[in-house]
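This report goes through a single protein structure for a reader who has not seen it before. The topics are its nonpolar cores, its largest pocket and two individual residues.

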Amino acid sequence: MSLNHWRTRDVQVLHRNPWWVYKRDRVILPSGEDGEYHYVQTPGSVMVIPHDDDGNFILVRQYRYLNRRESLEFPAGGVKRGQSVRDAARAELREEAGFVADRLEEIGGFNPFNGVTDEICRVYLARGLHAVGAQPDVTEEFEMVRHTRPALLAAVLDGSLWDGMTLAALALYDAVQASAGMDQPRAAPWGGSR
């Protein structure tokens, strides 16, 4: 069964800032009625799963203002206009965790909040890590944390790892690991490349 698509009548920018654009589309619904849809448009985002030679995952702990609590996350950030997705991944790994990687492989992507934003977050696995020192911007403060696989799963279960994007990236990582050796080619979502 094919679902009926909405048709766009016009698009209006309601607010713009350096990170995203808030828009309102006037649409024609599948029923033929008029409607409107409000959403946030971004150039996309990246999340990097750093995996060191000892088998540890490297995460960063930071304060999240909206939830008024600390959050344990993989390094991540928005893609700047004119920046490639891969360059954004390299930059976030260096800025937040303080590493550069010999190997950076895109393993998938997801939309972090598909009812509110068109953003696609591309997830990269980073290996062959070399410490170079973190370079956070003035709004950021990070503590680097290394977790073994069991410790990472325990953090998910006890609620100390509660960031939805990190949970989604971890699910992608697990799916890729489970499919390794199955001789099934993986298509890069949303036009990404491996």
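Which residues have the most contacts inside the largest nonpolar core? In this predicted model, they are Ile 49, Phe 57, Leu 59, Phe 74, Ile 107 and Leu 152, and the core has 20 residues. Strand 4 (45-50), strand 5 (57-64), strand 8 (99-110), strand 9 (121-131), helix 2 (149-157) and helix 3 (164-179) are the elements that each give two or more residues to this core. Helix 3 provides the largest share, 4 residues.

Leu 59 shows what surrounds one of these core residues. Apart from its neighbours within four places in sequence, Leu 59 is in contact with Leu 72, Glu 73, Phe 74, Glu 143, Met 144, Val 145, His 147, Leu 152, Leu 161 and Thr 166. A second core, separate from the largest one, has 15 residues, including Leu 93, Phe 99, Leu 104 and Phe 142.

The largest pocket has a volume of about 1600 Å³. Its lining consists of 40 residues, and Trp 19, Trp 20, Arg 64, Gly 77 and Gly 78 lie nearest the centre of the pocket. At least two lining residues come from each of strand 4, strand 5, strand 6 (69-73), strand 7 (76-78), helix 1 (85-97) and helix 3. Sorted by class, the lining has 16 nonpolar, 12 polar and 12 charged residues.

Glu 36 is found in strand 3 (residues 34-41). Is Glu 36 buried, partly exposed or exposed? Glu 36 counts as partly exposed because its relative accessibility is 42%, which falls between the cut-offs of 20% and 50%. Not counting residues up to four places away in sequence, Glu 36 touches Arg 24, Asp 25, Arg 26 and Val 27. Asp 25 is 11 residues from Glu 36 in sequence, and the two are 5.4 Å apart in space, C-alpha to C-alpha.

Thr 117 sits in the loop between strand 8 and strand 9. With 12% relative accessibility, Thr 117 counts as buried, because buried means under 20%. Leaving aside neighbours within four places in sequence, Thr 117 is in contact with Val 40, Thr 42 and Asn 111.

The table lists polar contacts made by the side chains of Glu 36 and Thr 117.

| Side chain | Partner | Distance |
|---|---|---|
| Glu 36 | Arg 26, side chain | 3.4 Å |
| Glu 36 | His 38, side chain | 3.0 Å |
| Thr 117 | Val 40, backbone oxygen | 2.9 Å |

Definitions and conventions. Residues are numbered from 1 along each chain as its sequence is written. This is a predicted model: local features need pLDDT of at least 70, side-chain atom pairs count only at pLDDT 80 or more; totals for chains, interfaces and linings use all residues. Side-chain values use heavy atoms; hydrogens and water are left out. A nonpolar core is a set of buried Ala, Val, Leu, Ile, Met, Phe, Trp, Tyr and Cys residues joined through side-chain atoms within 4.5 Å. Buried means under 20% relative accessible area, exposed over 50%, partly exposed in between (1.4 Å probe, protein chains only). Contact means heavy atoms within 4.5 Å. On a 1 Å grid over the protein atoms alone, a cavity is a set of points where a 1.4 Å probe fits but cannot get out, and a pocket is an open set with protein on both sides within 12 Å along at least five of seven lines; lining residues have an atom within 4 Å of a point. Grid points are joined across faces, edges and corners, and a volume is the space filled by probe spheres set on the points. Ala, Val, Leu, Ile, Met, Phe, Trp, Tyr, Cys and Pro count as nonpolar, Asp, Glu, Lys and Arg as charged, and the others, Gly among them, as polar. A polar contact is a pair of N or O atoms within 3.5 Å; within protein, one must be able to donate a hydrogen and the other to accept it, and residues adjacent in sequence count only if both atoms are side-chain atoms.
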